[in-house]
Amino acid sequence: MSRLVRLEQDGFVARLIIARPPHNFFNVEMITDMADLLEECDRNPSVRVTILTSDLKNFCAGADFGDAERPEPVHLYTAANRLIRRRKPMIAAIGGAAVGGGLGVALTADLRVGDETAWFQANFTRIGLSAGFGISHTLPAVVGRQRARDLLVTARRVTADEAFAIHLLDRIAPPGELQATALAVAQEIAANSPVATAASRELIGREEADLFAAAISRELEYQRPLLASSDFAEGVRAAAERREPNFSTFPEEKE
């Protein structure tokens, strides 16, 4: 059994539960666990829908850049690309934070259900990085290009109510009913023809996996030099010290 993601099944619905205390910071192993379990669900004819969720305070707080063992971007994004290439629908049931790459994880789902505790932040620029985890594609695909631009360049926090208003959340669950609401949506999907559901999902997002892969490739080109920059080092320090960052570098003009 996976150590960082647990798999449970309830009828036709499989639940993937992220479990890396305290905040579900991801690493390559966790994203690989998710991808392995999604592929297992794809092979299992008794699973029609998956729910990706957490039983901790936060859904996923992204990468822990203060960790001595930071995830290698290429390996991480190779695993991330496998999340998109699943055949069956996935619902993200989100309580607490979905931040940075954690927002990217949530955006790989077909639908997102959240409760009043859910909040979102594309905090990359706040720590001296450009967008990652395919967000340069998935975020504008979900909320529109202009709203995505707003969220990426301001790095501001988005509440559950705003997330629902801009379609980042598809459902808001009543207090204490996040899992029940996500399960009800999953069962509604599972009651339909599995083959027709898979065909409909493919028709809507036929090129999704290729677009996601292309976005990740572009993101790596921008992130690699930034990961070695003084602004990134300052952003990580400021986040750890819970203070405002003091950035000092400016982009070079392109000829």
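Here are three short exercises, with solutions, on a predicted model.

**Exercise 1.** Work out the strand order of the open sheet, and find which strands stand at the edges.

*Solution.* Start with the order: the 6 strands run β1-β2-β3-β4-β6-β9, and their pairing is mixed. Now look at the ends. β1 (5-10) and β9 (171-172) each have a single partner strand, so one side of each has no neighbour in the sheet. Next, zoom in on β1: its pairing with β2 (residues 13-18) is antiparallel and takes 6 bridges. As an example, Q9 has A14 of β2 as its bridge partner. Finally, add a helix: α1 (residues 28-43) packs on the sheet, where it touches β1, β2, β3 (49-54) and β4 (90-94). The direction of α1 makes about 25 degrees with that of β1.

**Exercise 2.** Describe how helices α4 and α9 cross, and which residues meet there.

*Solution.* Take the axes of α4 (residues 135-143) and α9 (residues 208-227): they come within 7 Å and cross at roughly 130 degrees. An angle between 115 and 145 degrees counts as oblique, so that's the word for this pair. Then list the contacts. From α4 come I135, S136, H137 and T138; from α9 come E208, L211, F212, A215 and E219. Sorted by type, the residues of this contact are 4 nonpolar, 3 polar and 2 charged.

**Exercise 3.** Check the span of helix α7 (residues 178-190) against 1.5 Å a residue, then find its buried residues.

*Solution.* With 13 residues, α7 should span 18 Å. The end C-alpha atoms of α7 are 18 Å apart, so the two agree. As for burial, L178, T181, A182, L183, V185, A186, I189 and A190 are buried in α7.

Technical notes:
Residues numbered from 1 in each chain as written. Predicted model: local features only at pLDDT ≥ 70, side-chain atom pairs only at ≥ 80, totals over all residues. Heavy atoms only, no water. Axes fitted to C-alpha atoms, helices over the stretch in contact; angles between N-to-C directions. Helix = DSSP H or I, 4+ residues; strand = E, 2+ residues; numbered from the N terminus. Parallel < 35°, antiparallel > 145°, perpendicular 65-115°, else oblique. Contact = heavy atoms within 4.5 Å. Nonpolar A, V, L, I, M, F, W, Y, C, P; charged D, E, K, R; others polar. Pairing = 2+ DSSP bridges. Expected span 1.5 Å × (residues − 1). Buried < 20%, exposed > 50% of the residue type's maximum accessible area, 1.4 Å probe, protein only.
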